[in-house]
Amino acid sequence: MKLKGLFADGMVFLRNAKNCIAGTAEPKSTVTVKFLGGTYSVRADWEGNWDVVFTAGAACGPETMEITCSDGSAVVLKDLYVGEVWLNCGQSNAQLPMERLKYTYREDMALPENPLIRMCTVPIRYTFGFEQEFVDNPTWLSASPETLGGFSGTAYFFAKRIQAELGCAVGIINASQGGSPIASWMDKKSLANFKKYIDYIPNANRWEVPGKIESEQKRVDLVNGEVESLFQKDAGYKENWQSLSFEEIKNDDSWQTVTIPGTIRMLDFAGTVWLKKEVELTAEQVKAFDEKKTHLWLGTFRDADETYVNGVHVGGTPYIYPPRRYVIPSGTLKAGKNTVTIRARQNGPLPLHFFLEKNYKIFTDDAKIVPVALRNCEQKESVIPETAVVVNLEGEWKAKVGCKVNKGGASLFLEWEPTALFNGMLAPCFFHAIRGAVWYQGESDAGRFDEYSGLLQNMVKLWRKRFTFCPEDYMPFVAIELPGWCCNELIPPSNMSVRSEWAALRESQNDGCDSLVNASVAVYVDGGEWNDLHPEKKLTCGTRAAEQAMRLAYGLKFETEPKVEAFEENKEGWKICYNKNLTAWELNKTVDAGLFTDRYTDFTKKTTEVAGFSFLFKDGTTALADAVLSGSNEVQVKCTDTASVAELRYLWNDCPSPINLYGETKLPARTWRAVFAKTEEKGRGQNEVEAADKSAAAGGAVLTSMS
């Protein structure tokens, strides 16, 4: 006998709802399930498939389930709970583990075991042409100092908030994979009418051809093998540059002076650059480093690295995104002159780049360095006691090219192909009763923003159909809004309105959820980090998603963000009304936006000035707009020539900053725009242009991102 799906020790069943357990056994054999005082029997079909449906009552646990079969096999599942179950799905920010966030959330990493927060992470698996039913060794873990590092950060804080509110066990099914586009989580039928950017169906079909995956993988491996052989010709490897002292290279003209953080342009295409920094320490400092855990943080940079201290290898990272946070072994540092060496690897035409507003330091463990810049939500200050030692590594470094490579590597991300993860990772979850789903995805589809709303709606409808044991007629669905991020990492955040795919994707997220019943967006635009695709402020997005989920699924009165209800032109420009006299059915009360401009912002004093409004003019140019609070629910946008404006926008930027318009809900106002006319702006989605054309012909405006 073998169980399908994620059925295993430690799992959580959905309270007060029909649940299923399924598997395979000898054909026509009888399977008996005993659980919570009930006994259920069923015969396997001719292929050996069986499933038992039972109703779980109130929250309880730990419990045991006994499953026996007339063929003599048996399974006993232990440490089971009945409570709430949610799906967490999406790409890397849905997946990002607490291990990456351990310096941001030190307190959570040290909490004692909480058996009422549990997570099962679905192994990464792609499949084409059929749906998986089995998962190899599914594992449910309760949150503890030993396990929490492997938990999705977003899902953990989501579960923590719900568990604190409801008091019962909360189980999370975490099915997520970095870089995955929305199409990889959908089936062929739901993708059939979308082909503007990608012809999804042929893309999926081609991987069903026998031998296609194997031949393509062989080609990629061959290319990468050739490229790797070129990287191995690195002169630094042959001559052990990691062991050279700074004294040995400081007068060598082949070592150039560069500045970190910043961009280093020493390679035409790909290759390696070795970088060295001298650090002089006192005997007292070295004593402190030897007695305490010592951290070496080198910010974040493109692309890969191997890092050494006094010739000792202390860590390495094979790709761009993770922060470089290494531990220097005790005894490595010495009194006097020390050398930090980085072998930085550039994999393609984009130059090596060390990101601004990151930490480049050596420090003792008692210095609680905050990993992210202070901006908007979750603002924390670093705590550096007098006993701590902190050495700054920013400034001048020496650099020398180790090798130049004129050929780029190849990649094959089959899990990003249409239907791949729906079949391989999501399908096994359909046996499980869940309350609803949380979706954190969109970064990979920002360039296809104008069809994302339709894709999102189709995906939700598909999931609602396939999660047959969800007790809701319309399964609650919460999408987490894309946070702020600067696609061009050289330009700090601002509110200048330029062509913004991320703002347009946020608009599509809102439009998609507004078009669905029992769906909502958890606002998160203020939670991003302009220099990091993976913001660490997962407490904010997990908590906000949980509060929207509890509003949708349990009828609890968690309020939504300020939304534009109406706007009108006046002699000063436009008056924007937020939630004024708007009755929200889901709250069963009248919402008063109660706008503020001094919450979670860079502003040190209260002000009536509202940041983030801008104009797109009919000639395609843009400009910031002056705006002020004109009432508890109103903003006045000033404009002396409204006839020249094609679009009035709010937070229309990849990474808007500052964001200072909040409501009594402590949530930021939603990204929004009104479209008046077609413009000469480049790169806009076709649906936007068509909407503007229709509006201009009718002499009106198109108001978007409103519910």
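Arg 670 is buried in this predicted model, its relative accessible area being 3%. The side chain of Arg 670 takes part in a salt bridge with that of Asp 514, with an N to O distance of 2.9 Å. This pair connects distant parts of the chain, 156 residues apart. Arg 670 lies in the loop between strand E36 (645-650) and strand E37 (672-675), whereas Asp 514 belongs to helix H12 (residues 501-514). Asp 514 is partly exposed, with a relative accessible area of 28%. Arg 670 counts as buried because its value of 3% falls under the 20% cut-off.

The Arg 670 and Asp 514 pair is part of a broader set, as 33 salt bridges are found in a search of the whole structure. Another one joins the side chains of Glu 247 and Lys 250, at 3.2 Å from N to O. Partial exposure applies to Glu 247, which has a relative accessible area of 42%, and to Lys 250, for which the value is 35%.

A further salt bridge is formed by Glu 568 and Lys 575, whose closest N and O atoms are 3.5 Å apart. Glu 568 is partly exposed, at 41% relative accessibility. Salt bridges with shared partners also occur, and through them Glu 507, Glu 647, Arg 649 and Arg 673 are joined into one network.

Conventions
Residues numbered from 1 in each chain as written. Predicted model: local features only at pLDDT ≥ 70, side-chain atom pairs only at ≥ 80, totals over all residues. Heavy atoms only, no water. Salt bridge = Lys/Arg side-chain N within 4 Å of Asp/Glu carboxyl O. Buried < 20%, exposed > 50% of the residue type's maximum accessible area, 1.4 Å probe, protein only. Helix = DSSP H or I, 4+ residues; strand = E, 2+ residues; numbered from the N terminus.
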